[in-house]
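Biologist: Could you walk me through this model? I would like to hear the reasoning behind each label as we go.

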Amino acid sequence: MASESSFDVVSKVDRQEVDNALNQAAKEISQRYDFKGTDASVRWSGESILMVANSEDRVKAVLDVLETKLVKRGVSLKALDTSEPAASGKEYRITATLKEGLEQDVAKKIGKIVRDSGLKGVKTQVTGDELRVSSKSRDDLQEVIALLKGADLDVALQFVNYR
């Protein structure tokens, strides 16, 4: 009799890749001609990322540069939660935070998607900020992964601990 196979659905961000993308974006902003004299910058501000420039269009361009670098480093933009440009004195600011962990309602929604798929013997269990999917059939687990990759969810999903 086959034992249960399982994997965990999580939403995590590799901080080192975000840091590398942030450093690359800061370097590009300091060197690009269209950012000369705009006091544009991007940097960590505690747990969030702060983008600053002297006009709303320039700060949006800084965000675009950061997003481009994040995509090149393999970080999903679904994990980035950005604010609208806000005037602060003579400068405009955008703050971006990283979303990590599955919230309860998102985990339940993913569980419902798995149950509605019609795969027999596939079970889901919410544990903290992750969701464990288990089944006797590894093929069913592969189908669940393909199903979740194709689902339109507003969180970045990773599949870990596949055993």
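Modeller: Gladly, and let us begin with a word we will need: contact means heavy atoms within 4.5 Å. Please keep in mind that this is a predicted model.

Biologist: Thanks! With that in hand, which residues is Ser134 in contact with, leaving aside its neighbours within four places in sequence?

Modeller: Ser134 is in contact with Glu4, Ser5, Ser6, Gly121, Val122, Lys123 and Leu141. The residue itself sits in strand β8.

Biologist: Why is Ser134 called buried?

Modeller: Buried means under 20% relative accessible area. Ser134 has 13%, so it is buried.

Biologist: What makes the link between the side chains of Ser134 and Glu4 a polar contact?

Modeller: A polar contact needs a pair of N or O atoms within 3.5 Å, one able to donate a hydrogen and the other to accept it. The side chains of Ser134 and Glu4 are joined at 3.4 Å, so the distance is inside that limit. The side chain of Glu4 also has a polar contact with that of Lys123, at 3.2 Å.

Biologist: Where does Lys123 lie, and why is Lys123 called partly exposed?

Modeller: Lys123 lies in strand β7, which runs over residues 123–127. Partly exposed is the range between under 20% and over 50%; Lys123 has 45% relative accessibility, so the label fits. Setting aside neighbours within four places in sequence, Lys123 is in contact with Glu4, Arg132, Val133 and Ser134.

Biologist: Let us turn to the helices. How do you know that the reach of α4 is close to what is expected?

Modeller: Helix α4 covers residues 138–150, which makes 13 residues. The expected span is 1.5 Å times one less than the number of residues, which gives 18 Å for α4. From first C-alpha to last, α4 reaches 19 Å, close to that value.

Biologist: Which residues of α4 are buried, and what makes them line one face?

Modeller: The buried ones are Asp140, Leu141, Val144, Ile145 and Leu148. Looking down the axis of α4, these residues fall within an arc of 145°, so they line one face of the helix. The other side of α4 has the exposed residues Asp139, Ala146, Lys149 and Gly150. Among the elements that cover the buried residues of α4 are β1, α3, β8 and β9.

Biologist: What happens at the start of α4?

Modeller: There, a side-chain oxygen of Ser137 comes to within 3.3 Å of the backbone nitrogen of Asp139.

Biologist: And what about α1: which of its residues are buried, and what puts them on the same side?

Modeller: In α1, the buried residues are Val18, Ala21, Leu22, Ala25 and Ile29. They cover an arc of only 105° around the axis, which puts them on the same side of α1. Facing away from that buried side are the exposed residues Lys27 and Gln31. The cover over the buried residues of α1 includes β2, β3, α2 and β6.

Biologist: How many aromatic pairs does the structure hold, and why is the pair of Phe7 and Phe159 called edge-to-face?

Modeller: The structure holds two aromatic pairs. For Phe7 and Phe159, the centres are 5.8 Å apart and the planes meet at 75°. Rings pair when their centres lie within 6.5 Å, and planes over 60 degrees apart count as edge-to-face, so this pair meets both conditions. Phe7 is in strand β1 and Phe159 in strand β9, 152 residues apart, so the pair links distant parts of the chain. Ring pairs join Phe7, Phe159 and Tyr162 into a cluster.

Biologist: Why do Phe7 and Phe159 get their labels of buried or partly exposed?

Modeller: The cut-off for buried is under 20%. Phe7 has 1% relative accessibility, so it counts as buried. Phe159 has 22%, so it is partly exposed.

Biologist: One last item: what is notable about phi of Asp39, and why is Asp39 called exposed?

Modeller: Asp39 has a positive phi of about 55° although it is not a glycine. Asp39 lies in the loop between α1 and β2. Exposed means over 50%, and Asp39 has a relative accessible area of 65%, so it is exposed.

Conventions
Residues numbered from 1 in each chain as written. Predicted model: local features only at pLDDT ≥ 70, side-chain atom pairs only at ≥ 80, totals over all residues. Heavy atoms only, no water. Helix = DSSP H or I, 4+ residues; strand = E, 2+ residues; numbered from the N terminus. Buried < 20%, exposed > 50% of the residue type's maximum accessible area, 1.4 Å probe, protein only. Arc of directions from axis to C-beta. Phe/Tyr/Trp six-rings, centres within 6.5 Å; stacked < 30°, edge-to-face > 60°.
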